[in-house]
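Colleague: I would like to learn how to read a fold from its coordinates. Can we take one model and go through it feature by feature?

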Amino acid sequence: MSLENNALKEWAIKYAVLGFAVFPLQPHNKTPATSNGFKSATTDIQQINTWWDNNPDYNIGIATGTASNGLLVLDLDEDDKNNKHGSEATREWLTQKETDFPKTAMVRTGRGGVHMLYYGQGGNRTNILPGVDVRGEGGYIVAPPSIHPNGNPYKWLCPFPPSIATADRTVYAFIHQKDHSFDMTPFGTGQIIPEGQRTDALIKLIGSLKSKGLSDQAIQAAVRAENEECCNPPLTDYELGKQVFPAINRGWKEERPYKVNFNPKTGSFQKGKNNGLEMAAMDKVEEKDPEWLIPGYAPKYQITSLAGEGGSGKTTVWCAIAAAVSSGERSFMESCIPKDWVKREPQKVMFFSAEDSYEFTLKRRLRKNGANLANIFSIDVADDRFQDVKFNNPFLERLLAHHRPALCIFDPIQAFVPPEIRMGDRNAMRSCLAPLIGYGEKYGTSFLIIEHANKQSGVWGRKRIADSADIWDISRSVLMSGSTNGGGVRYLTHEKSNYGPLEETILFTIEDEVVVFKGNTTKRDRDFVVEESFNTRQKPQRDEAKEFILDFIKDGEKEVSELDEMAKAMSISKNALKNAKADLRAEGRIKTWSIGYGENKRYLIRLLEASSYSQ
């Protein structure tokens, strides 16, 4: 079976727009076409175009887990040769348990099996039942309309875009059924757990499940399901990570007193909390001026976000910023300040990148931009601990408390949002990002969050990162990167500042992976976007209309109505024709005038110095 040219590329782009990280597989095969396999998966449209332009027949792989917003897939295979029938085994299990899975998006695989897609948390598991595997963190699936080696296509069994459900207690029980006895019934009587009792009840559940010998992963799955189904309101993921999950590894006893707080800084539990009624009187509060990591552009102890399209230089920009902080030198953003005026101590930088290898890419860029590499720290994306680096995970706080970096960078934001949180959910995103604000003051850390800007035509500023929900509002400063229309020059524009006026836009180039300052401008992201829109869409139409006018009147004066009718017949828009006339009049190349009166009035047009423009 063959597909129309570029059909697979178009589908790969559709998946990327939905937040699924894709990568190429060999044609009619499940084998990755890149050396890094699923680790190459991305939502970068430019990279996707490059891959499928190179080979339009590449199959499509989607990385599961956090790379695709927490995609968790039940793989029900059909293998007659080995007598494995995943769908049948799954139905028998559900019948035995007298339950069912949440309705969700499904795909028919090339071998006749089914992929059931959920949003959830977990790793890869194989043969949990004959013909049943799980694809989670560190895995991938083949996506429609890829072609199986047997020639059959993968097909959606639901409308597209798919409606994907969140994994519930039944899904987790199914996944973890080999972990001794995973209790599917709600904790206790299944009654609602009110606010004020939630933490204690969930910690008791941990003790009960540990006594049954469940794995830590299975316990977390059960607690998350209990929290969603019974707690009113459910604890946030941050609250679970800070108050509940530490009990898994700390020998929690059920007789421990009610109302206990976990202090991740000291690694200990503390009884009680401050319920006093004291409040701060404003006349006693000390006023403070903002401090700056990069004067005017990036405030200390707060969140700065940097957004841009693929290829706009975001990674090299943050490497240059990290290099300046680590070395104490002036950054390219301060090039207008005399170098000897910038006196700073070299400081620690911590970064987490889900898109670039620090061995093959980032170390080189940091070094070339002048970094003190001894001051820069990271965890490799292949390290198991990387999956615990989430905005609301206590592990991140422990790293900050231990290393005390002046700057912490996350690239891109999607990789560090917990899989159960949808980026379009404003309340969930605010709760997820809120811990960073407290960490900033507590550990003396400023945060830089990297985001992909959308390529929607005719939008700029905030609307270009609208899919990242609350990030614009919670950021104290927002920077946008992009490309100008001139000779490889790029821009870094300041779009938001809570602590002062917007700074001038920085123009720069990237030469041998080094950011080179080229100057400043008062243009903003809007100006560059509008200019690009004009140059890529409007200007060609206007130029075409101008050529038509000059050719139409090259032999002498004509009636404007006749010109307009011919332009319409040639599918030249009224707006393009109007602008073309205005341009030619301004250039002194045509003249229009009227003759007659009333119903007999006519408008004429002719060339000026017609011989100079004869075709």
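Colleague: Let me start with one residue. Is serine 326 buried or exposed?

Modeller: First, a caution: this is a predicted model. Now the idea. Under 20% relative accessible area counts as buried. Serine 326 has a relative accessible area of 0%, so it is buried.

Colleague: Where does serine 326 lie?

Modeller: Serine 326 lies in helix α8.

Colleague: Which residues does serine 326 touch, leaving out those up to four places away in sequence?

Modeller: Serine 326 touches Pro346, Gln347, Val349, Ala371, Asn372, Asn375 and Ile376.

Colleague: What does the side chain of serine 326 reach?

Modeller: The backbone oxygen of alanine 323, at 2.9 Å.

Colleague: On to the sheet. In what order do the strands come?

Modeller: Read a sheet strand by strand, from edge to edge. Here nine strands form an open sheet, in the order β21-β20-β22-β23-β19-β24-β25-β26-β27. The pairing is mixed. At the edges are β21 (376-378) and β27 (514-521), each of which pairs on one side only. Direction ignored, neighbouring strands are turned by 25° against each other on average.

Colleague: How many bridges join β20 to β21?

Modeller: Three, and the two strands run parallel. Strand β20 covers residues 349-353. Opposite phenylalanine 351 stands serine 378 in β21.

Colleague: Which helix packs on the sheet, touching β20, β21, β22 and β23?

Modeller: Helix α10, residues 394-403. Its direction makes about 150° with that of β20.

Colleague: And which strands does helix α8 lie across?

Modeller: Helix α8 (residues 314-327) lies across β19, β20, β21, β22, β23, β24, β25, β26 and β27. It runs at about 165° to β22 (407-411).

Colleague: Now for internal space. How does one find it?

Modeller: Rolling a probe the size of a water molecule over the atoms shows where empty space is left. In this model the count comes to three cavities of 30 Å³ or more. The largest cavity holds about 80 Å³ of space.

Colleague: Which residues are closest to the centre of the largest cavity?

Modeller: Leu293, Ala298, Thr304, Leu407 and Leu448, out of 13 lining residues. Two or more lining residues come from each of β17 (292-294), β18 (298-299) and β23.

Colleague: Which element gives the most to that lining?

Modeller: β23, with three residues. Strand β23 also has a place in the sheet, between β22 and β19.

Note on methods. Residues are numbered from 1 along each chain as its sequence is written. This is a predicted model: local features need pLDDT of at least 70, side-chain atom pairs count only at pLDDT 80 or more; totals for chains, interfaces and linings use all residues. Side-chain values use heavy atoms; hydrogens and water are left out. Two strands pair if DSSP finds at least two bridges between them. Helices (H or I, at least four residues) and strands (E, at least two) are DSSP runs, numbered from the N terminus. Axes are lines fitted to C-alpha atoms, for helices over the stretch in contact, and angles run from 0 to 180 degrees between N-to-C directions. Contact means heavy atoms within 4.5 Å. Buried means under 20% relative accessible area, exposed over 50%, partly exposed in between (1.4 Å probe, protein chains only). A polar contact is a pair of N or O atoms within 3.5 Å; within protein, one must be able to donate a hydrogen and the other to accept it, and residues adjacent in sequence count only if both atoms are side-chain atoms. On a 1 Å grid over the protein atoms alone, a cavity is a set of points where a 1.4 Å probe fits but cannot get out, and a pocket is an open set with protein on both sides within 12 Å along at least five of seven lines; lining residues have an atom within 4 Å of a point. Grid points are joined across faces, edges and corners, and a volume is the space filled by probe spheres set on the points.
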